[in-house]
Amino acid sequence: MRSGRLLPVSLISAAILAHEVLLMRLFSIIQWHHFAYMIISIALLGFGASGTFVAFARRPLVERYPAAFAASAALFGIAAVVSFAGAERLPFNALEVVWNPWQLGWLAASYFLLMLPFFFGATCIGLAFSCYPRQIGHVYAFDLIGAGIGALGTVGLLFLVFPSTALRLVAALGLAAAALAATGMARHRWLAVGSLGLAAAVTAVWLPPSLTALGPHMSQYKGLRLALEVPNARVVEERSSPLGLLTVVESPTVPFRYAPGLSLANTQEPPTQLAVFTDGDSMTAFTAYGGNPATVAYLDRTTAALPFRILERPRTLILGAGGGEQVLLALRAGANTVAAVEVNSQMIDLARHRFADFVGGIFSRPNVRSHLAEARAFASTTRERYDLIQIPLLDSFSAAAAGVQSVHENYTYTVEALQDYLAVLRPDGVIATTRWLRVPPRDILKLFATATVALEAEGVVEPGRHLALIRSWNTATLLVAKSPFTAEDVAAIRGFAAENFFDVSWAPGISASDVNRYNQLDQEYFYEGAVALLGPERAEFTERYKFDIAPATDNRPYFFDFFRWRALPELLTLHTQGGAAMLDWGYLILVATLVQAAILSAILILLPLWLGRRLFARAVHRLRAGLYFLALGLAFLLIEIAFIQRFVLFLGHPLYAVAVVLAGFLAFAGLGSALAARWMAAVGRGSAVRSIALAVVVIAFLATSYLFALPLVFERLLALPDAAKIAVALLLIAPLAVFMGMPFPLGLGHVGARSEAFIPWAWGINGCASVLSAILAALLAMHVGFTGVVAIATALYLVAPALLAGWWDRHDRQTSQGLVPDRS
Amino acid sequence: MPPLAQCQALLAAALAIAVAVVSTSAPAQDRLAERAAMIETIKSHAGSAPSAVEAQGIDPAVLKAMGNVPRHLFVPEAQRGAAYRDRPLPIGFGQTISQPFIVALMTDLIKVGPGDTVLEVGTGSGYQAAVLSPLAAKVYSIEIIPELGHRAAARLAELRFDNVEVKVGDGYYGWPAHAPFDGIVVTAAASHIPPPLVEQLAKGGRMVVPVGGPFAIQLLMLVEKRRDGSITTRQLLPVSFVPLRGGRVR
């Protein structure tokens, strides 16, 4: 078979992966990230449905393979645009689900619409497997390599074009795959190729803008939409990258006056500001500055200004500079030098160039340096030493309040991160972290616990002497000092708090009579929590607390996950009485997504499999073969996702990690699949199970040794330039991925030789397992850490060959005795 | 004019007046049972003793005021069916009408007296202003979004909440012409409390600010200006919740 025949498989596979990555982006903009995740994982069940469809309609479709492939790929292209246009018009309001469960009906409608492109795209690949049962290794290789290119390509593409344009290009790619496939048609070939090619070209260049426009469909409760409701407010600049859509808004009639944590003692109105929204939310501001520090005096009266009271002309590092509010504060407070670290290059560009005059050129001053880096990666590699590390508030209050980030790993607030920060501090240096105040406390107590453990790990005997916590009515700032606070420091902290009506919730020497003075809580949870976390009852307190405030670690970096099952009944009872804000929805949504995906998988895959049991696949032990492909699908994704998380730290950016690890795993697994095909051609099919066994043993060995070796490798090579680190990452992934690419085609060839009808099922089951696995990986990592996730995946790999081995041998024995082989 | 025609004209006028009376008084009479049930729900939530409710419970005058305001006329047509359920409802423009229980708490917290002047920042649907209307001498309300402001003003006028005055504008500066205010309700979310509002709060006055998202109030902040001019704030949970299992912290 000429490889050219399989090129459409690569193209459609690239388009599917690109569409998946893109939908994540699109829904993060119009809804919120966790709902985006939910919608897309369910949509991916289109894979499972396509497996069922192809299994039933295999014969007529395979007979007309080029035409069926072309039609399906064309439908993918059309559905990619139309389903999204339809889904974004549904009046689904994520925030209202608590109050009105009927909202879930709209969510279900989104699932159905968004499933369509995945259904058509996966049908193409399922057809290819069915049409070339003897070249499964090759088909799989083309599929995986296409997927790898699609994933990496979309990330690259999103740097160049807006998501709405990318959606057009993905649809065009589907149509191009259709045109290419149509070249194999027996009749009407050139008519089909010509019209599909033309459709691809037209789609790539132009579509009615209303089909792909995002703005009008963004949730009306997002900060950007709210800001634009104000008279005369308008968008003055827009930038897009895979990291987010940045929208700059000016509002001359009713100015933005963004100053979280501002004291009630302040009387100054903040100067003119431009708001910068990321994905329509998470606001930061560019503040107009003409060089006169008096115009921003109000910044002295925010909780984040506390460290400047105890440090003289500090060399300041700001981890997450955003619009530059903290840079301005540092300059006003007389910082010696300021290093402003920001992860989004477009944010830096806006601040340093587009709005440089507006912000008074603060980023271009001789003593200010901008660094494009992820916070943690910068702290782990910098050779500079600082007096102050500021970690400001960058997430929106509503995001924090809704628990949106709970399912995201975050390496900024782990025990190891705080140790890294302490390491770059000069002897009298201080880390200052500001968070939104939530009552009852969650993140602030977790941060306090994390700092305590980090200080102890650095050999500090009395961590309480290194910590200070103050709070306003809506923010809290925690100071972590490298050396114990002196009596003068404590006096300065108390003085600062008193001047601004802030409460001191912890400082060395504080007593119960000093707390809860200005912003009175019915109980001083913060002070009481601090005392408990510093004392002998720490473990008991953490255990008894109804939110999870145990420190986050690099192995379990879920700082924003506070959810505890045992608090759920009480919180559910209270949620309509005004307690809705105490439920962290992120985790629950993840669980709900998993349950839904499992149920839908059963309906889409297992039920038809059972109903059609008499029609085909009699020669295969369906349950065990099904479990085999389920185990592989689960294990592959578990390892892949655990490695993405692990490589975030090394590659210094979540985006690099996703792109490099995903592309690396897919492409090298594709190579492994091709190698397996050659191997089988050389040694014959009979040895499939043995080959699988060999492959999984190698996988288990490599995965386990990486668990132990990677942290050491990373530590040594962290200082290498980016390109070298990407090369190292790919080299590390290659051997593991090559072997991980083998069990699927080997098993499929093995089973397909007995029953070609089972091939589409296997493909569908594997697809569904990948969906479940993506959700499961996040849930498992929150509970057992990445180490646990990799261990589970290894166990699944090791069990897999046994599922195939037993029935194959027995089947041969039974058939030789003239028995019906398969009765499951 | 012939007598018959005169009679007809009189009859027509009487009918017109009757219709007018019915159309203005009917809404208030409408859905009384639902409103009574809503008040019971509020009482039962308050009875579970969250920190935002004082020992004696929510002031009966507040409950009476809420019992008289036709909430269903303050929500969009599509939401009218759910108007008396104890939940926030969307009113367009990314804004909501608060859950009745939260409205009751906020109104109760500012302790409005018959002679008081109250400022509301964020008119929204106008419902909170309508609830404040019978409790206070005068209610001033500022709305940032013109469509909402004009709609609420028309609705409040139509329903004869005559002591409420609505203007469209920037709430940051308060309404200095009518300051000082004995009570201030800030329903529009803000990253900080505008200094002019603190300034316009009368000595002994109370300001309440809900903190949280549009469909999930986290806590209510109460700002009090003492007789000596000093400021304190209290952060009150709308629910009774102890974060430690098996008792209170320490």
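Put chain B and chain A together and they bury about 5200 Å² between them, with 60% of that area on carbon and sulfur atoms. Keep in mind that this is a predicted model. On chain B's side, B:Gln235, B:Phe241 and B:Arg245 supply 14% of the area buried against chain A, more than any other three residues. In terms of contacts, 55 residues of chain B meet 62 residues of chain A.

What sort of residues does chain B bring to the side that touches chain A? They split into 29 nonpolar, 18 polar and eight charged. Several elements of chain B each supply at least two of these residues, including α7 (195-200), β7 (201-213), β8 (216-225) and β9 (231-236).

Now for the polar side of the story. Between the two chains, 20 residue pairs are in polar contact, counting pairs with both residues at pLDDT 80 or more. There are also two salt bridges across the interface. You can look for A:Arg257, which forms a salt bridge with B:Asp170; their closest N and O atoms are 2.6 Å apart.

Next, follow the strands. In general, strands of a sheet pair through backbone hydrogen bonds, either parallel or antiparallel. Here strand β13 of chain A (residues 519-521) pairs with β9(B) in the parallel sense over three bridges. Within that pairing, A:Leu521 stands opposite B:Gln235, and B:Gln235 is one of the three residues named earlier for their share of the buried area.

That pairing belongs to an open sheet of eight strands, and you can trace it in the order β13(A)-β9(B)-β8(B)-β7(B)-β6(B)-β3(B)-β4(B)-β5(B), with mixed pairing. At its edges are β13 of chain A and β5 (164-168) of chain B, each pairing on one side only. From one strand to the next, the twist averages 20°. Inside the sheet, β8(B) and β9(B) pair in the antiparallel sense over six bridges, and B:Val223 stands opposite B:Thr233 in β9(B). Helix α4 of chain B (residues 100-109) lies across β6 (181-186), β7, β8 and β9 of chain B, running at about 10° to β8(B).

Finally, have a look at another sheet, this one in chain A. It is open, with four strands in the order β1-β2-β3-β4 and antiparallel pairing. Why do β1 (234-241) and β4 (281-287) of chain A each have one side without a neighbour in the sheet? They stand at the edges with a single partner strand each, so one side of each is left free of a neighbour there. β1(A) pairs with β2 (residues 244-250) of chain A over seven antiparallel bridges, and A:Val235 has A:Val249 as its bridge partner in β2(A).

Key:
Residues are numbered from 1 along each chain as its sequence is written. Chains are lettered from A and ligands numbered from 1 in the order in which they are written. This is a predicted model: local features need pLDDT of at least 70, side-chain atom pairs count only at pLDDT 80 or more; totals for chains, interfaces and linings use all residues. Side-chain values use heavy atoms; hydrogens and water are left out. Two strands pair if DSSP finds at least two bridges between them. Helices (H or I, at least four residues) and strands (E, at least two) are DSSP runs, numbered from the N terminus. Contact means heavy atoms within 4.5 Å. Buried area is the accessible area (1.4 Å probe) that two parts lose on being put together, summed over both. A salt bridge is a side-chain nitrogen of Lys or Arg within 4 Å of a carboxyl oxygen of Asp or Glu. A polar contact is a pair of N or O atoms within 3.5 Å; within protein, one must be able to donate a hydrogen and the other to accept it, and residues adjacent in sequence count only if both atoms are side-chain atoms. Ala, Val, Leu, Ile, Met, Phe, Trp, Tyr, Cys and Pro count as nonpolar, Asp, Glu, Lys and Arg as charged, and the others, Gly among them, as polar. Axes are lines fitted to C-alpha atoms, for helices over the stretch in contact, and angles run from 0 to 180 degrees between N-to-C directions.
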